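Reader: Before I rely on the labels attached to a structural model, I should like to know on what grounds each one is given. Would you take me through the reasoning?

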Amino acid sequence: MSETLIDVHDLSAGYGGIPVVRNLSISVRAGEVVALLGPNGAGKTTTLLTLSGILQPISGRVDVLGETVSGVKPEKVARRGLSHVAEDRSLFFDLSVKENLRLGLRGDRNERAASMEVALDLFPALAPLVDRRAGLLSGGEQQMLAMARGLASRPRVLLVDEMSLGLAPIIVERMLPIVRRIADETGAGILMVEQHVGLALSVADRGYVLAHGELAMEGTSAELRSNRRLVEESYLGGI
Amino acid sequence: MKDAIAFAFLGLGAGSFFALMATGLVVAYKGSGVINFAHGSVAMYAAFTFNYLRIDGRLRLPWVDILPTHQVNLPVQITISSGGKVNVWLAVLLALAMSALLGVGMHYLVFRPLRNAAPLGKVIGAIGVMLYLQGVALVNFGSENPQPKSILLPDTLFKNFLGFGKPMPGENLGLFIMAVLVGAVLWFNYKYTRFGLATRAAAGNEKGAVLLGYSPERLALFNWIIAAMTAGLAGVFVGSITGALTPTKFTTLIVPALGAALIGSLSSVPIAIAGGVGIGMIQTVTSTWMTGKSWFPDWLQSGATDAIPLVIIVLTLFLRGKSLPIRGNIEERRLPLSPYPKRIGWHVAILVPLGVVLAYGLPGDFVFAGLSGKWSFAFMTSLIAAMLMLSYVLLAGYVGQISMVQLSIAGVSAFFMARMSANGVPSPQDPFAVSGPGLPWPIGATLGIIVAIAVGVLLGIPALRIRGVQLAVVTIAAAVALQTLYFDNSKLTNLMAGSNAAVPPPTFFGVDVGSTGPRGLTDSPKFVTFCVIVLAAMCVIVSNLRRGSTGRRFLAVRANERAAASAGIDVARTKLLAFGIASGLAGVAGVMTAFQQQQISSSNWVYFAGLIALAFAYLGGITSVAGALIGGMLTGSGLISVFGSHQSSGLHTYTPLIGGVGMILTAIIHPSGQAMLFQPLLQYFGRWLKAARVPEWLVVARRLGPYVVLGLALGAIGINPWRTDEWSRPWMMLVGVLLVLFVRSIVVRIRSGGHEPSSDSPAEVSA
Amino acid sequence: MLRRTKTLTALVAAFGLTMAACGGDDGGSSEATSAPETTAASADSGSTDETTAPTDSGCPSEPDLSMDAELGTGAGALEQALQCAEASPLVASGDPVVIGIMNPEGDPNGSFPEYTVMAQAAVDFINNELGGIGADYATGTPGRPIKLEVCKMAISPVDSQKCANELAAKNPLVVYSTLNFFGNHFPILVEAGIPVVVGTPISPADFTTAGVYAIGGGGGCLGVHTGLIYYATQEVLGGTADAVKVAVPWANTPPGVFCYHDLEKKPMNVLNGSTASSSSLAGSMPGLEHTGVSILPGQADVTPDAQKVLDFDPDVIIYSGQGADCWSLVNSMLKLGWTPDETPLVLSGACTDLTTMGELGDKIKGTYMIGSSSILVPEALPPGQLQREAFVYNEKGAQYASDDTSVGKGFGTQGFTGIMAIWMVANSIADNLSGDGLVSAFEATKDHHAFAGSGISCQDAIAPYVAVCNSLVSASQWDGSQLVPVKDDFSGLDLVAGTELDFGANG
């Protein structure tokens with residue numbers, strides 16, 4: 001039984017005191033890829049923001065890497081070993097690809113050099129672009145950069161928000177295996193928010209379906225794939 | 001031509017100063033998104049620290065001993081060298097350490113608490129820091145104003161520098177080299193080090209930096225320290241060529257530095273340095289070489305130097321305005337709520353007669369025994385200040401435009417009216433009469449207001465492309481330029497140098513309503529009534545604007561310009577309308593000031609006073625008409641400050657200090673200003689009085705009673721040593737009660753997590 | 001516990017020291033003993049003053065009027081009062097006479113608390129030793145005490161009027177306006193029938209307003225600037241008719257424009273004949289060429305302006321600046337290679353800053369300073385009545401001042417001597433003190449002796465400068481380590497006689 005990296009129990013989270021997510025309980029173990037599915041406004045991004053500490057939970061227990069995130073500054077949570085690739089990618093547009101990556105590195109000199117190599121290995125398409133300003137990259141290249149940067153710190157927990165957003169399917173297909181590789185090779189726990197159910201379930205081990213802020217369904221990806229119709233209904237508000 | 005270039009080289013001294021200051025401004029902005037208007041004061045304090053270490057070997061800490069007792073004292077001075085002078089390089093080190101300390105203080109005490117505040121809040125915070133440092137410098141260093149000491153190469157001289165025929169003092173060259181070196185070091189830092197990269201990253205996308213594990217606050221702290229230390233360097237090294245050290249030194253020199261920082265787009269240190277040096281050289285060539293040429297226009301002779309930074313700032317912002325970095329914080333609170341005015345009729349019906357009663361009562365002795373002259377004058381000052389505050393309320397409170405130039409616009413209208421009313425006939429009161437058409441005062445005043453509106457709209461044009469703090473920078477530059485180009489320029493005003501422009505008193509159908517009362521003092525009840533009526537009318541106008549569709553358009557533009565545009569609001573029209581109306585209000589304030597003082601000069605409209613006026617408007621409550629009224633009472637020489645200084649003359653030296661701290665506290669804790677604090681109170685009180693029965697009285701008595709008693713005791717005993725007369729004891733107790741209740745309100749707010757009271761009860765508030 | 005013990009020890013020590021200090025006085029001469037530290041003590045000694053036998057300088061029963069001929073009206077009476085005070089101090093009693101004083105304090109833009117501190121010291125001296133206003137030393141009858149009402153103002157036009165209103169409401173006999181850049185307080189006070197005495201005249205209103213009497217500072221830029229021109233052209237350049245060049249850097253502030261154009265440029269134009277004047281020196285220096293270099297306040301660097309001055313290749317440089325701003329220009333000139341040997345420099349007395357000058361030492365040796373004689377270092381003055389009065393100032397000023405530093409400041413001397421001047425003039429109408437009476441008394445002054453000053457002569461005021469009652473200045477020269485007086489009590493006012501006011505409107 002591998003270590004539980006993310007342990008959320010009965011979480012209510014939202015903005016200005018108004019909960020967007022209610023009574024949510026999810027978990028992610030080491031080496032797992034877990035998909036967080038659901039329609040727009042279901043509360044997926046809110047959940048991720050709470051996990052990384054940017055939003056404070058209204059109630060409930062949220063433990064990341066063994067410690068709570070309630071009342072903890074997001075930068076501290078990040079330094080524990082969590083990487084959050086946000087929906088808007090949060091790239092530094094004025095800095096070059098190399099500089100963006102550099103900011104993601106952790107550890108001493110050797111470790112950082114090694115991590116940089118690994119990141120570029122994972123996304124070889126970035127190698128010729130290292131000196132280009134991030135703002136000038138194409139959508140796919142930007143997403144790759146965001147992922148590479150998130151991985152540059154060798155995180156133990158990776159949160160990815162809408163990786164496929166605005167990307168051509170072929171590019172997404174190329175990036176998905178990398179997610180699987182990370183989980184398998186490094187033992188990181190990965191929580192992916194996705195609207196593309198099929199794509200997400202193709203690499204995920206398990207999945208949760210959120211609807212209207214509450215957990216509508218959960219199960220292994222095999223279970224969810226076979227219950228496709230139920231998943232769709234939850235998207236359209238049936239459940 | 002050769003001469004011009006030679007003079008340009010001589011401008012390297014001033015240019016290096018601007019360059020160093022600009023560097024600090026850029027670094028501060030990169031680190032925390034704040035344009036620090038107090039930057040010059042940091043340089044000033046460092047310069048004072050250094051020079052006094054060299055004079056008497058004592059290090060003054062940046063605070064004063066507020067403990068009233070003589071036994072227990074806050075340490076304010078540390079004697080480093082009891083022999084007198086401290087070694088030069090040790091003194092430099094200590095001065096830089098002091099700057100670093102100031103940087104730490106600014107971060108933790110002012111700008112970190114303000115990190116989520118609206119841009120106006122940060123501006124007020126910076127003004128508060130400036131006032132505070134000036135006040136501390138005055139108390140700690142006295143008014144000696146020593147000549148600063150030179151450090152770098154004071155005795156070297158390069159004759160015939162580079163062959164252009166003029167010498168170059170080694171010191172100026174040394175300063176230039178130092179500025180370049182500092183620039184190089186900082187350029188390297190921000191380009192290649194992790195800290196520098198992280199700073200640039202956080203400036204571009206704070207959330208991204210946070211998610212990578214960087215603490216924006218840590219980054220801000222270190223950048224503040226760097227920024228403050230560059231200011232310290234500027235003050236200590238370049239201070240020697242800038243002349244006498246006074247607490248208000250460098251406040252005007254911040255404008256060219258701002259221009260240079262903007263040339264550097266608030267992000268590139270090397271370009272800012274080049275900009276600063278460039279501005280210094282251009283200013284020097286203009287003031288020494290060009291003014292001697294016959295083709296140089298007469299009326300520009302004295303104002304050209306100050307006009308240059310304004311032109312540069314406007315051009316830079318216009319051409320590059322869209323690409324300037326506006327830092328997006330993770331969670332930025334908007335300006336405080338602007339309450340919907342209700343029941344304005346009732347307020348007018350009650351307050352206007354009250355005003356008239358005071359108008360007639362204050363000069364008489366029944367309210368304040370034997371001290372009439374000053375209360376009437378203070379009341380007048382408060383009323384007229386409130387008129388100016390309305391201008392700020394409308395522009396900054398309703399439309400979100402930070403304009404520092406409203407006082408100057410008031411000046412334009414006052415000067416114009418004075419000129420229109422002048423008829424060139426000297427009198428004992430006015431021996432240096434200006435020539436003019438001698439128009440009757442209503443026409444003169446109207447013309448003055450119209451000109452003010454025109455100037456205001458003109459100055460509003462940059463606002464179409466420039467937003468937030470950048471607009472503040474433009475308006476400061478404009479205020480400085482107006483001062484030297486117009487008010488001080490006798491070629492344009494035709495005023496005899498140093499003499500004031502006389503203003504004949506207004507009359508209504510033959511009745512003299514001028515400010516001079518029967519005893520020759522400025523306490524005429526008719527004038528006060530005039531002011532009350534004018535102010536009431538202005539309040540009604542502003543209130544109705546707020547209630548109507550114009551007000552809604554204003555607020556929409558304030559909230560989100562793009563959204564407003566997409567909702568069909570003509571943003572440009574709305575902004576210009578706002579500038580126009582606000583300038584009209586300011587124009588009225590200017591005209592009334594002229595009537596009150598009966599003679600005006602450029603000193604009435606110094607740009608620094610404009611900054612303070614904005615700060616008081618904020619203190620009072622920048623988003624409501626009531627706030628303007630309270631701001632007027634609070635302003636210097638207004639009712640409350642005169643009352644305060646009457647009670648305790650010992651506090652006089654500490655006024656800038658208290659003002660500065662008050663501004664910072666208000667920006668942090670009560671961003672809506674005092675109006676929002678007292679207004680619901682007063683309002684509750686009114687309705688409550690009508691409805692309350694004994695049980696309610698008991699509840700309140702139990703809740704507030706102990707505090708009231710504490711306040712009475714505090715007033716009677718604690719504040720007692722500062723009172724001036726026997727009869728002020730009861731007033732002291734009242735002050736004590738107010739103070740205790742105020743502190744209690746702050747504590748309650750902090751405990752409740754800082755939620756705006758108005759957001760909890762929006763329906764309760766009114767004008 | 002420890003802290004309280006320390007506090008207690010401190011208190012005991014302080015008490016002990018005070019006792020020791022007070023007790024020590026008894027060991028001195030009989031005159032010194034009777035000089036009281038506190039009001040209470042003086043009340044005791046005052047009531048028995050008649051019984052104290054006079055020693056060397058006793059209390060003369062009549063003023064020595066021969067002094068008046070030489071030193072000005074009232075000199076004898078003053079000396080009598082001083083001697084009587086030394087012999088047996090007379091404490092004033094009766095209805096206080098209110099004198100108002102308005103002074104900028106607490107404003108970072110400019111704060112001069114020493115003015116009021118020393119004014120209060122003078123009032124205390126007058127009340128505790130000189131017997132107040134209208135004392136009769138022959139019979140030992142005390143006069144009325146003075147009550148000083150202080151109004152502190154910020155440097156803004158509003159505050160200036162605020163203080164005028166505040167003080168006027170207290171019905172003072174006279175208001176002492178120390179330093180005021182605006183002049184907008186005069187109409188209020190004059191309308192209220194209150195005479196105004198100006199200590200340090202700055203704005204044109206200080207020179208030209210009726211009912212106002214500027215008694216100090218060598219008449220501000222009126223006396224000092226004309227004095228500068230006079231000294232530079234007549235003494236330094238010898239009044240020669242040959243071709244000579246004078247460079248005049250000047251502070252370009254609103255009053256500065258007037259002070260330059262009317263009181264520096266115009267006199268020089270009178271000297272070289274381009275401006276008509278009834279002066280005796282009109283046209284006496286036809287070869288005089290001059291230029292002005294305007295220096296804007298708050299500049300980052302005055303080096304370019306200094307270069308402009310030196311570019312003119314002048315034979316003498318004249319500069320009147322505000323305090324340490326003078327030295328900023330001088331430093332820049334020094335850096336650019338100027339030496340006082342090559343081109344003499346004449347500065348206004350307001351530039352005096354012994355610390356800075358001490359540091360510059362020989363580098364500025366030979367520089368002249370024109371202004372009113374400083375009484376801060378009595379030993380440096382030539383022996384005479386001025387020196388004697390300077391000693392009195394330093395002793396009594398230090399004794400009665402509420403702090404230690406004000407007595408040693410230039411504005412402090414003005415505060416003290418200004419009150420003394422008012423007291424002297426008020427004494428002449430002591431039986432009928434009124435605002436109008438004081439006005440007449442001031443207007444009538446001609447060569448009236450001023451305490452530690454150069455006299456009050458309101459009769460000598462030339463239109464339109466009707467308020468200037470003192471425009472005598474003296475010259476001293478820096479010898480590398482101290483200021484040496486070189487010329488006493490002269491005035492350059494004649495240079496502007498019969499000319500029109502020039503405000504620089506025509507460039």
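Author: The exchange below sets values from this predicted model against the definitions behind the labels.

Reader: Why is Leu93(B) called exposed?

Author: Leu93(B) has a relative accessibility of 57%. The label exposed requires over 50%, and therefore Leu93(B) counts as exposed. Leu93(B) is found in helix α4 of chain B, which covers residues 88–111.

Reader: What makes the nonpolar surface patch that includes Leu93(B)?

Author: The patch is made by Ile78(B), Ile80(B), Leu90(B) and Leu93(B), and has an area of about 330 Å². Patch members must have over 30% relative accessible area, and the 57% of Leu93(B) satisfies that requirement.

Reader: Why is Asn223(B) called buried?

Author: The relative accessibility of Asn223(B) is 0%. Buried means under 20%, so Asn223(B) counts as buried. The residue belongs to helix α9 of chain B, residues 216–238.

Reader: Which residues are in contact with Asn223(B), leaving aside its neighbours within four places in sequence?

Author: They are Val27(B), Gly31(B), Tyr190(B), Phe195(B) and Thr199(B). In addition, the C-alpha atoms of Asn223(B) and Tyr29(B) are separated by 8.7 Å, although these residues are 194 apart along the chain.

Reader: Why is the pair Arg206(A) and Glu32(A) called a salt bridge?

Author: The closest N and O atoms of Arg206(A) and Glu32(A) are 2.6 Å apart. The rule asks for a side-chain nitrogen of Lys or Arg within 4 Å of a carboxyl oxygen of Asp or Glu, so the pair qualifies as a salt bridge. The pair links distant parts of the chain, 174 residues apart: Arg206(A) is in strand β9 of chain A, and Glu32(A) is in the loop between β2 and β3 of chain A.

Reader: Are Arg206(A) and Glu32(A) buried or exposed?

Author: Arg206(A) has a relative accessible area of 14%, and Glu32(A) has 8% relative accessibility. Buried means under 20%, and therefore Arg206(A) is buried, as is Glu32(A).

Reader: Why is Arg112(B) called partly exposed, whereas Glu217(B) counts as buried?

Author: Arg112(B) has a relative accessible area of 29%, and partly exposed covers the range between under 20% and over 50%; the label partly exposed therefore applies to Arg112(B). Glu217(B) has 15% relative accessibility, so Glu217(B) counts as buried.

Reader: How do you know that Arg112(B) and Glu217(B) meet in a salt bridge?

Author: Their side chains are 3.0 Å apart, N to O. The limit is 4 Å, so the pair meets the rule. Arg112(B) is in the loop between α4 and α5 of chain B and Glu217(B) is in helix α9 of chain B, 105 residues apart. Salt bridges that share partners join Lys73(A), Arg112(B), Arg115(B) and Glu217(B) into one network.

Reader: How many salt bridges does the rule find across the interface of chain A and chain B?

Author: The rule finds three. One pair between these chains is Glu99(A) and Arg200(B), at 3.8 Å, N to O; the limit is 4 Å, and therefore the pair counts as a salt bridge. In this interface, 24 residues of chain A are in contact with 21 residues of chain B. The buried area is about 1,900 Å², of which carbon and sulfur atoms give 58%.

Reader: What makes up the contact between chain C and chain B?

Author: The contact takes 66 residues from chain C and 72 residues from chain B. These chains bury about 5,400 Å² between them, with 58% of it on carbon and sulfur atoms. The count of salt bridges between chain C and chain B is two. The side chains of Lys335(C) and Glu171(B) meet in a salt bridge at 2.8 Å, N to O. Both Lys335(C) and Glu171(B) are buried.

Reader: Where do the two domains of chain C lie in the domain assignment?

Author: The assignment gives domain 1 as 40–218 + 376–460 and domain 2 as 221–374 + 475–496. Their C-alpha centres lie 31 Å apart. In this chain, 12 residues of domain 1 are in contact with 12 residues of domain 2. The area buried between these domains is about 1,000 Å², of which carbon and sulfur atoms give 63%. The count of salt bridges between the two domains is zero.

Note on methods. Residues numbered from 1 in each chain as written. Chains lettered and ligands numbered in written order. Predicted model: local features only at pLDDT ≥ 70, side-chain atom pairs only at ≥ 80, totals over all residues. Heavy atoms only, no water. Patch = residues over 30% accessible without salt bridge, like charges linked within 9 Å, V, L, I, M, F, W, Y side chains within 5 Å. Areas by Shrake-Rupley, 256 points an atom, 1.4 Å probe, with all protein chains shown as cover. Helix = DSSP H or I, 4+ residues; strand = E, 2+ residues; numbered from the N terminus. Buried < 20%, exposed > 50% of the residue type's maximum accessible area, 1.4 Å probe, protein only. Domains from an automatic or database assignment. Contact = heavy atoms within 4.5 Å. Buried area = accessible area lost by both parts, 1.4 Å probe.
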